[in-house]
Amino acid sequence: MMTNCADTSGDYWILLDGGWQVEYSGKRFPAGHADVGKWFSAKEARGACQLVTTEHSYVMQIRHADMAAMLSEGFAFDAHLNAGQA
């Protein structure tokens, strides 16, 4: 899987198992399913980047509207989203 960070949909990608990395400005930021970077949204990215799986992985996509609905209903994702943003 590879997604370009130019995507402005605001959808969220969640790494359920496996590994991926964000490639940004010539640097690589790897994450596994238990790591901080297991949540990703291109809307939060600054500049050109790519999200690339680095091994056989299971990834789930949550549409922006669905995530907004879950957050408005009180789903406790804030700590995970904040860590992923960082």
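This report walks through the nonpolar cores, the aromatic rings, one loop glycine and a surface patch of the structure above. Please keep in mind as you read that the model is predicted.

**The cores**

Let's start inside. Nonpolar side chains in soluble globular proteins tend to be buried together. Here, the largest nonpolar core is built from nine residues: Trp13, Leu15, Trp20, Val22, Ala31, Phe40, Ala42, Cys49 and Leu51. Strands β2, β3 (19–24) and β6 (49–53) each contribute at least two residues to this core. There is also a second, separate core, which has eight residues, among them Tyr12, Ile14, Ile62 and Leu81.

**The aromatic rings**

Next come the rings. A pair of aromatic rings is described by the distance of the centres and the angle of the planes. The structure holds two such pairs, set out here:

| Ring pair | Distance of centres | Angle of planes | Class |
|---|---|---|---|
| Trp39 and Phe77 | 5.4 Å | 50° | tilted |
| Phe75 and Phe77 | 5.6 Å | 45° | tilted |

Why do Trp39 and Phe77 count as tilted? Their planes stand at 50°, and the tilted class takes what lies between the stacked limit of under 30 degrees and the edge-to-face limit of over 60. The pair of Trp39 and Phe77 also links distant parts of the chain, since the two residues are 38 residues apart. Trp39 belongs to strand β5, whereas Phe77 sits in the loop between α1 (64–72) and α2 (78–85).

Together, the ring pairs join Trp39, Phe75 and Phe77 into a cluster. How covered are its members? Trp39 has 11% relative accessibility and therefore counts as buried. Phe77 is buried as well, at 17%, but Phe75 is partly exposed, with a relative accessible area of 38%.

**A loop glycine**

Now for Gly37, which is found in the loop between β4 (27–32) and β5 (39–40). Its relative accessible area is 27%, so Gly37 counts as partly exposed. Which residues does Gly37 touch, leaving aside its neighbours within four places in sequence? They are Trp20 and Ala31, and both of these residues are part of the nine-residue core. Another core residue, Leu15, lies 22 residues from Gly37 along the chain, and the C-alpha atoms of the two are separated by 8.5 Å.

**The surface patch**

Finally, let's look at the outside. Leu16, Tyr58 and Met60 make a nonpolar surface patch of about 300 Å². Of these residues, Leu16 is located in strand β2 (residues 12–17). Leu16 is partly exposed because its relative accessibility is 46%. Strand β2 also supplies residues to the nine-residue core.

Conventions
Residues numbered from 1 in each chain as written. Predicted model: local features only at pLDDT ≥ 70, side-chain atom pairs only at ≥ 80, totals over all residues. Heavy atoms only, no water. Patch = residues over 30% accessible without salt bridge, like charges linked within 9 Å, V, L, I, M, F, W, Y side chains within 5 Å. Areas by Shrake-Rupley, 256 points an atom, 1.4 Å probe, with all protein chains shown as cover. Salt bridge = Lys/Arg side-chain N within 4 Å of Asp/Glu carboxyl O. Helix = DSSP H or I, 4+ residues; strand = E, 2+ residues; numbered from the N terminus. Buried < 20%, exposed > 50% of the residue type's maximum accessible area, 1.4 Å probe, protein only. Contact = heavy atoms within 4.5 Å. Core = buried A, V, L, I, M, F, W, Y, C linked by side-chain atoms within 4.5 Å. Phe/Tyr/Trp six-rings, centres within 6.5 Å; stacked < 30°, edge-to-face > 60°.
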